[in-house]
Structure formats: C-alpha cells, structure tokens
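Open the model in your viewer and keep the selection tool at hand. The stops below say what to select and what is found there.

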Amino acid sequence: MLRMSTLFLRTLRDDPADAEVPSHRLLVRAGYIRRIAAGVYSWLPLGVITLRNIENIVRDEMDKAGFQEVHFPALLPKDAYEVTGRWNDYGPDLFRLQDRKGADYLLGPTHEEMFTLMVKGEYSSYKDLPLALYQIQTKYRDEARPRSGIIRGREFVMKDSYSFDLTDEGLVESYMRHRAAYIKTFDRLRMKYNIVSAVSGAMGGSASEEFLAPCETGEDTYVLCEKCGYAANVEAMTTVVAASDASGVAALEVFDSPNTPTIDTLVGLLNAKFGGGYDGSMTLKNVMLMADKTPISVLVPGDREVDLKRLQANLAGVNDISVFEEADFAKFPGLLKGYIGPQDAKKNGITVYADPRIAPGTSWVTGANAKDKHARNVVSGRDFTVDQYVEAAQIKQGDACPKCETPVIIDRAIEIGHIFQLGRKYADALGLTVLDQNGKSQVVTMGSYGIGVSRAVAAIAEQSYDEIGLSWPVEVAPAKVHVVATGKEDVVFETAEKISADLEARGISVMIDDRRGTSPGVKFKDAELIGIPVIVVVGKALEQGNVEIRVRKSGDKSEVAVASAVDFIAGLLPTLS
RNA sequence: CGGGGCGUAGCGUAGUGGCUAGCGCGCCUGCUUUGGGAGCAGGAGAUCGGGAGUUCGAAUCUCCCCGCCCCGACCA
C-alpha cells in the first residue's frame, strides 16, 4: 500500500518551465520523473511503479508467446560492433568510452550483435531452431536532439527481441508470432495504435512494420486510410497511377517563357498564353540531386516537392542524397537552372528517376533546356525516357489510398514498437550458422523486434491526460484505487484505512492519502494530477455511512455504503478499459 | 550541426549600472482552519550557470565557456 504521508513525492503546482509536451509536463508535475540532463531522467517512486507495471505486461506477453528472457550488459566491448561495422557506421549517436587500459567500449544502443553471438556460442544445429530471445534493458543513444521529455531520451528502457530461423518461411512465422504478441501487449496497455508498413532503412532486411500511437505531439508522420484501414509510414506509401494514353497528344512544342523561374510563374504564363486551364500538377519539375556524388535527375509533378526522406528510403544502396549546388550546376553547362527538361538527359549523361505519376503516356509542360524556353506536350516515353521509377514526391493529405483509392489522411504518432525481418546480415557477419538435415552449414536468418518501454509511459500519458492531470489505464496506474481521507476526525482515517486494507486483501492495489492536516482541496488536486483510475473519498458522506467513489477518467461519482464499497470497486474496475 | 529562445532559492518568477536581490508556491515553528491548491504571525533557504573584463560600483554592460528548451537536419 502506498501511503502519501510517507511517500517520496512532491507534486508541483506550476508547470516546469522546460517542459512543453503534456506527458513531460504532467509526469514532472505529478512527481513521476525529474530531469538530470538533456534526454536523461530519474524515476521517482510513482514513476518506477508505473514503468514496472508496463514492463511486466510486456514481459508477461513475451513469456506467453514462448520467447525467453535473457539479459546483456549495457556496457559492451567494441569487438562485435567492429565486425558488423557499426562501431563506425553508428556515428556520433554511439556513446563510446574507454576503460583504464585504454580499451574501447560502448553503451549499447541496440543489441543485435550480442544476441547473435550468444546464440552462436550455444547452438549449432537446425534442431534447436526456431528460437526467440528477448531482454528488457536500458539503451543509450547520444541523440543529436533529445526532445519531448521521456519520448525521445538518450537513455531509455527498451524491450528488444530477436528470432532465429533456418528458413525464410520460418522467419515469416516468427515475425507473425511477434506481431501477434505485440498486438496483445499494446491492447493490454490500452493504447490506441496503428500498425503501419515501414521501409526497413539502414538495418537492411525486408518486411517491416511500425506500431504507431497517434497523438498530436508525436514526431512520426504517417498515412492512414479511414475507409479500408491501410496505414503506412510516409516513406512506405505507394502511389496509384491510372493508365495514360498519349496517342492523341500533339507534337512537342517549344515556346518562349521569359522570367518564369518557378512553377507559379510558369503556370501564370501558360494560362495567359494558351487560354487557361493549366495548374501546377500539369507541369514537370526536374530536381537535380547528388546521390553519393553521382548526379541524378528526379521528376515530380510541379505542385509537389521531392521528399528526400522518401527518395532515400526507396533508392536502394544510396547513402547520401543532397540537392545540387551552384558548383554542381557549373559542371553541367547543359543544365539551365529553371529551364531543365528531361528530353536531353541522355545527352548530359544523367540518370532520370521519376515519380510513378510520370507514367508512360502522360503529357507535361517542362523546361526546354534553353534559356527562357519551355515546352508543352512533352510525353513520357515519347519525348523522354525514364530510367527508373521511384517513390520520390511528397505525400499530401487527400492522396489516393493505394488499396482502395479513398483520399488518405496524414496524422502524427509516437513509434512505440517496430518489428522487422532482419534476414542474414548479422548472422552472416558474425558467422552464426547451424548444420541442416544434410549436415551442411547454413546461415541463420533473424528477425528483430522492439518496444519502447519507457517511451510507452509517455505515449500512454499522451493518450489519456486531461486539463487537470494524468489518467492512467487500470493495469498501468501506480495503484488501482486512490483512497482520500478528508477531515480531521479519527473515524474518517480509520474508515479509509479499513477500506484500503480490505481492497489490498482482495488483490487491488491502493494508494491512501493519510496525510493529517492537509486540506481536502490539496488532496483532490493531487489525486487528479497523479491519475489513479478510481478515487474513493472518505469524508462528508460518512455521516450517512457512505463514501464517494469517483472515476478519474469519466468524472462519474457514486455514493456507496462503507460496507459495500470494496465490492462496488471490485465490480467497477473491470469496466474501466 | 543550422535557426530561435532561455539560465536569479526545490518549483514558478520580478529586477536593464546604485542601499541588505523582491514576490508567489513549497519547506520549518506557533495558533486558527478542514469538501476544492486555507488564514494570521514568525522563520530557514540564492557562490544571480561558470570564468575573464569594463566600472568607484555588475544579476544588469562586453568577451569566452557551459547548460537547458523549441523548430529544422539527423534518428536500429
């Protein structure tokens, strides 16, 4: 039983000046966490209990799914990370340090290497697979910009698991098992979330999905179709394009277009010159980029920007993309800034990438590769060739869902889980092989799965707070019932103690506000701020032999006889989900 | 890393060259109060982020450094 008379807790009346997002503000005000450095937080008793509750739900669901818990140190020697190249690849985000002998160590940002080596050390037969291991552990990443309190810290608690299979089909099964376990976990945490397709990024591998908890302060943007439920990370969204037929389009026509360096000015001229009807989406924008020092051209409709994140995610094998600078243009005299068209790309030796909207047979207005000249009736496949199609254009609210063509919405969310099929990258690098049925050595294929446990504290808070404070789901809250004793008569406190003890005897965790001499207003405000789901007020109503039972989230109040209070609460709790 | 803002007691803040750095919350003591962050009285608590400089005099002006927050870049 938590006793407020002795609990190590001081709530704050004012919002801390350095906290902006609601979860951060309220977790600090209500005495769950305190900041130590940028992105580094201490946990006070209420915070520790809440974090443990979430951790235990995660652990329970992992165990039920048949995954086995192990534990690695956060402090790791660099060896394994050198073999996979991540000692360097991870860059400045890696916390590196040296021991007294000068040997290099790191604080683990994620543990693929260690899991792979652990399995390699113990297993060597296909008969031992499939296998799935997990840990709940503190991770360290020296983020360039920690933010939003506990949502993006430099030290955080993560559950990470890894599956090991002989075959690709086995990996898919392991992946689906994890997916199912995650669904159960997040449902139990009472989180609202969407499972969205993701691009697997720098880690390599194929299929990948993110669990995103929608909320205004989230830092991830994703696309959602409210009709069919399609959800995708912006990087993974695909474009649907109707077939085009250009057989009726007139021949390419070059026209004078002085002073039209931008799409807007070009559209203005088109409408003046050719009697209206033109808009930005009918023009073709040629964006010149450097992809790992190779010049490329990316074609997108004029009313859209190139989304560099999308482009990079969808261009396999390219590490760095940057926009053309003056010095780059200088190297290609054939490229006239503002008047570039794809018609002469071959001549200039430039590879042409295009958004799927630039499908064969579509007709465009674009630059004529001559000063103050544009061209119309420029047909894809007829007047220029696209070397490769790539998802490159920015996504807009209202774009067509790739499944059902309903306009999609764009929403923000916090990433709370990520699952993906890693493949053989790490097993290959570290030599994790087993003998198959034929006695032949086979590289194991892996999956990698993460849940941000400390981040979940913030994500749940973000989804359930209101103007007066936090409001936790029953299973997550630091206690299920908050018993508040108001008044100065001993009988009030005795009754509160009795109810609390009876609840605990029924397995219902309680926080009791047994502070003497604290005014009722203070106790009510604290209870509302702390956010325990059921508040029992022992006070005024006691004259009629009653207590007042309040539901934090809905504000519902009922008066119940002291004798039946415990039964009432026991019946109430399961309905609060 | 680029842009912006900020740093005064545990928290929130006032103080733009001049006396002992002010106020609210919180904390301590006493009395009163007890259903919505109580009242009165008394009290403790501050190297004004750090260093150097200008000045008779610096929280206040100058320079350097450190830290924090926000936007962006970045982020298995």
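Select domain 2 and domain 3 of chain A: their centres, taken over C-alpha atoms, are 68 Å apart. This is a predicted model. Domain 2 covers residues 253-389 and domain 3 covers 481-575. To complete the colouring, add domain 1, which is made of two stretches, 47-233 and 410-460.

**Stop 1: strand 12**

Select residues 220-224, which form strand 12. How many of its residues are buried? The count is 4 of 5, so the strand is mostly covered, taking buried to mean under 20% relative accessible area.

Now add residues 409-423, which are strand 22. Strand 12 and strand 22 pair in the antiparallel sense, with 5 bridges between them. To find the register, pick Val223 and look across to strand 22, where Ile410 stands opposite.

Next, show residues 231-233, strand 13. This strand also runs antiparallel to strand 12, joined to it by 3 bridges. Pick Leu224 here; its bridge partner in strand 13 is Ala231. Strands 12 and 13 form a hairpin, and 6 residues lie between them. Within the turn, select Gly229, whose phi is positive, at about 85°.

**Stop 2: a sheet of three strands**

Move to the open sheet whose 3 strands are ordered 5-7-6, with antiparallel pairing. Which strands stand at its edges? They are strand 5 (75-77) and strand 6 (95-98); each has a single partner strand, so one side of each has no neighbour in the sheet. Viewed with direction ignored, neighbouring strands of this sheet are turned by 35° against each other on average.

Select strand 5 together with strand 7, residues 104-107. These two pair in the antiparallel sense over 3 bridges. Leu76 is a useful residue to label, with Leu106 of strand 7 opposite.

**Stop 3: Asp513**

Finish at Asp513, which is found in strand 27 (residues 510-513). Is Asp513 buried or exposed? Its relative accessibility is 0%, so Asp513 counts as buried.

Show side chains here and draw a distance from Asp513 to Arg515: the two side chains make a polar contact at 2.9 Å. Then display what else is in contact with Asp513, leaving aside neighbours within four places in sequence. The residues to select are Met4, His482, Val483, Val484, Ala485 and Lys523.

Notes. Residues numbered from 1 in each chain as written. Chains lettered and ligands numbered in written order. Predicted model: local features only at pLDDT ≥ 70, side-chain atom pairs only at ≥ 80, totals over all residues. Heavy atoms only, no water. Domains from an automatic or database assignment. Buried < 20%, exposed > 50% of the residue type's maximum accessible area, 1.4 Å probe, protein only. Pairing = 2+ DSSP bridges. Axes fitted to C-alpha atoms, helices over the stretch in contact; angles between N-to-C directions. Polar contact = N/O pair within 3.5 Å; in protein donor to acceptor, adjacent residues only side chain to side chain. Contact = heavy atoms within 4.5 Å.
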